[in-house]
Amino acid sequence: MKEITTTELNSKLRSGEKVSIIDVREPAEVATGKIPEAINISLRLIEFRLHELDKQKEYFIICQSGGRSNQAAQILNKYGYRVVNVIGGMQNWEGKVE
């Protein structure tokens, strides 16, 4: 499975690259701050919301520390989605948050 660091993802965003980010934390966690470009789909709901995702896109999956994002990435990969796990998660994120 492909992985990227938070620093590498932040560099992509700063350079203006269009990326699709899925934050798999719970809504209460996301309320404390999320990457502005990220959409929130909790890990526990990921399989129920597959119809919202495009198999032609590549998704960067992030959580708090990297564990849940890895699980979500494995699930999405199993269904044929192109995914990249963001290692370190939001606890290592140094970019913009909203």
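1. In this predicted model, helix α3 is followed by G80, a residue whose phi is positive, near 90 degrees.

2. The helix itself has the expected length. For the 12 residues of α3, a rise of 1.5 Å a residue should give a span of 16 Å, and the end C-alpha atoms lie 17 Å apart, which agrees.

3. Which residues of α3 are buried? They are S69, A72, A73, I75 and L76. Because they cover an arc of only 160 degrees around the axis, these residues sit on the same side of α3. An α-helix has 3.6 residues a turn, so residues three or four places apart point the same way.

4. What do the buried residues of α3 pack against? Their partners are β2 (20-23), β4 and β5.

5. Two of those partners, β4 and β5, are also paired with one another. Strand β4 (residues 58-62) runs parallel to β5 and is joined to it by four bridges. Within this pair, F60 stands opposite V84 in β5. The connection from β4 to β5 passes through α3 (residues 67-78), and this β-α-β crossover is right-handed.

6. Strand β5 (residues 82-87) also pairs with β1 (residues 2-5). These strands too run parallel, with four bridges between them. Here I4 stands opposite V86 in β5.

7. Taken together, β5 is joined by bridges to β1 and to β4, and the buried residues of α3 pack against β5 as well.

Key:
Residues are numbered from 1 along each chain as its sequence is written. This is a predicted model: local features need pLDDT of at least 70, side-chain atom pairs count only at pLDDT 80 or more; totals for chains, interfaces and linings use all residues. Side-chain values use heavy atoms; hydrogens and water are left out. Two strands pair if DSSP finds at least two bridges between them. Helices (H or I, at least four residues) and strands (E, at least two) are DSSP runs, numbered from the N terminus. A crossover is right-handed if, with the strands pointing away from the viewer, the path from the first strand over the helix to the second runs clockwise. The expected span of a helix is 1.5 Å times one less than its number of residues. Buried means under 20% relative accessible area, exposed over 50%, partly exposed in between (1.4 Å probe, protein chains only). The arc is that of the directions from the helix axis to the C-beta atoms. Contact means heavy atoms within 4.5 Å.
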